[in-house]
Amino acid sequence: MQALRCPQCGAPVQGAMDAPLYTCPFCKQTSQNPAAARASAPPAASFVIVQQMPAPASAPVVHAAPGGGGVGAVRRVAMMLMPLVIVASVLVMTNPGLRASVVSLFAGWDGETPLVCDGNDHVKAEGVTATFTQGPAVVAHGNCRVELVGCTLKAAVAVQADGNAHVTVTNGSVEGSSAAVDAKGNAVVDLLGSVKTTGAVRGRVTGR
């Protein structure tokens with residue numbers, strides 16, 4: 001084992017191999033023992049290199065062939081019909097008569113607004129009471145058919161029909177300050193069962 005030497009004077013120092021510090025007996029210089037410092041130092045950190053595994057490949061994206069998917073076909077049809085739906089909605093919202101007709105067809109007539117039937121529509125109402133101070137209670141245009149069962153109608157004109165419309169009133173009552181029934185053109189109004197009429201009855205009216 002090599003003896004320590006004082007870094008100050010170079011003299012050999014005996015008996016200080018394990019001491020972290022030693023004092024030179026010749027020049028009295030206190031120095032650090034490099035061998036003891038290395039022995040007491042913590043072991044050098046070891047490093048382990050871990051190779052990162054490559055990420056799994058993502059699942060392939062399958063694209064439906066043009067015109068081959070049911071969902072795609074439905075979506076295309078919906079996109080084609082969207083302009084028609086928008087136009088129809090605008091017409092219904094801006095036309096009170098048409099709006100009333102749509103309400104009558106899909107929601108059932110409740111007598112809060114006049115019943116308007118047009119085109120080839122077929123509307124049926126039962127047990128409805130409708131009272132209006134102005135205008136008609138029921139309006140039938142074109143080739144539409146209206147069936148009123150047990151309804152109570154009171155308006156300036158209770159039932160107004162024109163074109164080729166056909167209105168059937170079964171039981172109930174129709175009262176008009178101007179006319180109970182006003183049928184024009186080829187329109188026909190049938191009064192069936194026990195129908196109470198108050199006011200003028202004009203046009204092709206059967207069952208009176």
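**Exercise 1. Place Thr168 in this predicted model: which strand holds Thr168, and is Thr168 buried or exposed?**

Step 1. Find the element. Thr168 lies in strand β11, residues 166–170.

Step 2. Apply the cut-off. Buried means under 20% relative accessible area. Thr168 has 15% relative accessibility, so Thr168 counts as buried.

Step 3. List the contacts, leaving out residues up to four places away in sequence. Thr168 touches Val146, Glu147, Leu148, Asp190 and Leu192.

Step 4. Look for the bridge. Thr168 in β11 is the bridge partner of Glu147. Glu147 is also among the contacts of Thr168.

**Exercise 2. Trace the sheet that contains β11. In what order do its strands stand, and what is the sense of pairing?**

Step 1. Start with one pair. Strand β9, residues 145–149, runs parallel to β11, and five bridges join them.

Step 2. Extend to the full sheet. The order is β6-β9-β11-β13-β16, an open sheet of five strands with parallel pairing.

Step 3. Identify the edges. β6 (122–126) and β16 (204–206) each have a single partner strand, so one side of each lacks a neighbour in the sheet.

Step 4. Add the twist. Ignoring direction, neighbouring strands of this sheet are turned by 10 degrees against each other on average.

**Exercise 3. Describe strand β12. How many of its residues are buried, and how does β12 pair with β10, β14 and β15?**

Step 1. Check the cover. β12 spans residues 173–183, and eight of its eleven residues are buried. The strand is mostly covered.

Step 2. Take β10, residues 152–161. It runs parallel to β12, with eight bridges between them. Lys154 stands opposite Glu175 in β12.

Step 3. Take β14, residues 196–198. β14 and β12 pair in the parallel sense over three bridges. Here Lys196 in β14 is the bridge partner of Ser173.

Step 4. Take β15, residues 201–202. The pairing with β12 is again parallel, over two bridges. Asp182 has Arg202 in β15 as its bridge partner.

**Exercise 4. Examine the nonpolar surface patch. Which residues make it, and is Leu84 buried or exposed?**

Step 1. Name the members. Val77, Leu81, Met82, Leu84, Val85, Ile86 and Val90 make a nonpolar surface patch of about 640 Å².

Step 2. Locate one of them. Leu84 is found in helix α2, residues 70–94.

Step 3. Apply the cut-off. Exposed means over 50% relative accessible area. Leu84 reaches 58% relative accessibility and therefore counts as exposed.

Methods
Residues numbered from 1 in each chain as written. Predicted model: local features only at pLDDT ≥ 70, side-chain atom pairs only at ≥ 80, totals over all residues. Heavy atoms only, no water. Buried < 20%, exposed > 50% of the residue type's maximum accessible area, 1.4 Å probe, protein only. Helix = DSSP H or I, 4+ residues; strand = E, 2+ residues; numbered from the N terminus. Pairing = 2+ DSSP bridges. Contact = heavy atoms within 4.5 Å. Axes fitted to C-alpha atoms, helices over the stretch in contact; angles between N-to-C directions. Patch = residues over 30% accessible without salt bridge, like charges linked within 9 Å, V, L, I, M, F, W, Y side chains within 5 Å. Areas by Shrake-Rupley, 256 points an atom, 1.4 Å probe, with all protein chains shown as cover. Salt bridge = Lys/Arg side-chain N within 4 Å of Asp/Glu carboxyl O.
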